[in-house]
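Please open the model in a viewer with cartoon and side-chain display at hand. The tour below proceeds by selection, one stop after another.

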Amino acid sequence: MVKDEVMTLVDKGLMLPLMEEFYTIQGEGYHKGTAAYFIRVGGCDVGCHWCDVKESWNADLHPPTAIESIVEKAAEHSDTIVVTGGEPLTWDMLPLTRALKGKKLKTHIETSGAYTLTGIWDWICLSPKKNKLPQPEIYGVAHELKVIVYNKHDFIFAEQEAAKVNENCILYLQPEWSVREKTIPLIVDYVMKNPKWIVSLQTHKYLNIP
């Protein structure tokens, strides 16, 4: 298949730049501790300086892969599929999620919300970033808001974002891993004073699993 044809299929969401896929335990947020199959899609220009998967940013480094192949492999492992990145909404997620739904699989997404929401989702984890704010429509449908805390200003940002989500959205504060020893005490204190928030930890890193 020639490059132009491949890029056309990528633009349509029929192929995706697949960075990695793996079966593991969800480490964060509402579904932590549960088994799930992760599809990590390449491509992101949000540019968080503390990102722990910077190798996902350049979509050109990851092979365009037919969604049929991705879905078949996912269905072998779990009934819960988490699409993450990179920033998965860089791409049209409707074809992938339709195919996953055709297999009666539950679809979860982890996104900054920086691009238009596409796809059919059972669970939307919105993790907004200051340097590229979410598109307005995602606030009304997000199931959980997960704000990463790197410094004290992130609590102000968290409240600004919490004011935008729907009333059923669960609110999480999560320490950025590299500064967790500094931020965990701050988060614990903040949540005790503001109990609408819940502490989220990257438990998969404590468990030493993907």
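Select Arg-40 and Thr-84: Thr-84, in β4, is the bridge partner of Arg-40. The model is a predicted one, in which local features need pLDDT of at least 70, side-chain atom pairs count only at pLDDT 80 or more, and totals for chains, interfaces and linings use all residues. Residues are numbered from 1 along each chain as its sequence is written, and side-chain values use heavy atoms, with hydrogens and water left out.

Extend the selection to the two strands, β2 (35-41) and β4 (80-85). They pair in the parallel sense over five bridges; strands pair here if DSSP finds at least two bridges between them. Strands are DSSP runs of E with at least two residues, helices runs of H or I with at least four, numbered from the N terminus.

Add β1, which pairs with β2 in the antiparallel sense over seven bridges. Within that pair, Glu-21 stands opposite Ile-39 of β2. Six of the seven residues of β2 are buried (under 20% relative accessible area; exposed is over 50%, partly exposed in between, with a 1.4 Å probe and protein chains only).

Now display the whole sheet, which is open, has nine strands in mixed pairing, and follows the order β3-β1-β2-β4-β5-β6-β7-β8-β9. At its edges stand β3 (64-66) and β9 (197-199), each with a single partner strand, so one side of each lacks a neighbour in the sheet.

Next, select helix α2 (residues 67-75), which packs on the sheet and touches β1, β2, β3 and β4 (contact means heavy atoms within 4.5 Å). Its direction makes about 65 degrees with that of β3; axes are lines fitted to C-alpha atoms, for helices over the stretch in contact, and angles run from 0 to 180 degrees between N-to-C directions. Helix α5 (residues 180-193) touches β7, β8 and β9, and its direction makes about 150 degrees with that of β8.

Which residues does Leu-96 contact, leaving aside neighbours within four places in sequence? They are Gly-13, Leu-16, Ile-67, Ile-70, Val-71 and Val-83.

Move to the backbone between β4 and α3, where Gly-86 lies in the loop. The peptide bond from Gly-85 to Gly-86 is cis, with omega near 20 degrees.

Finally, select Lys-104, in the loop between α3 and β5. Although not a glycine, Lys-104 has a positive phi of about 60 degrees, and at 73% relative accessibility it counts as exposed.
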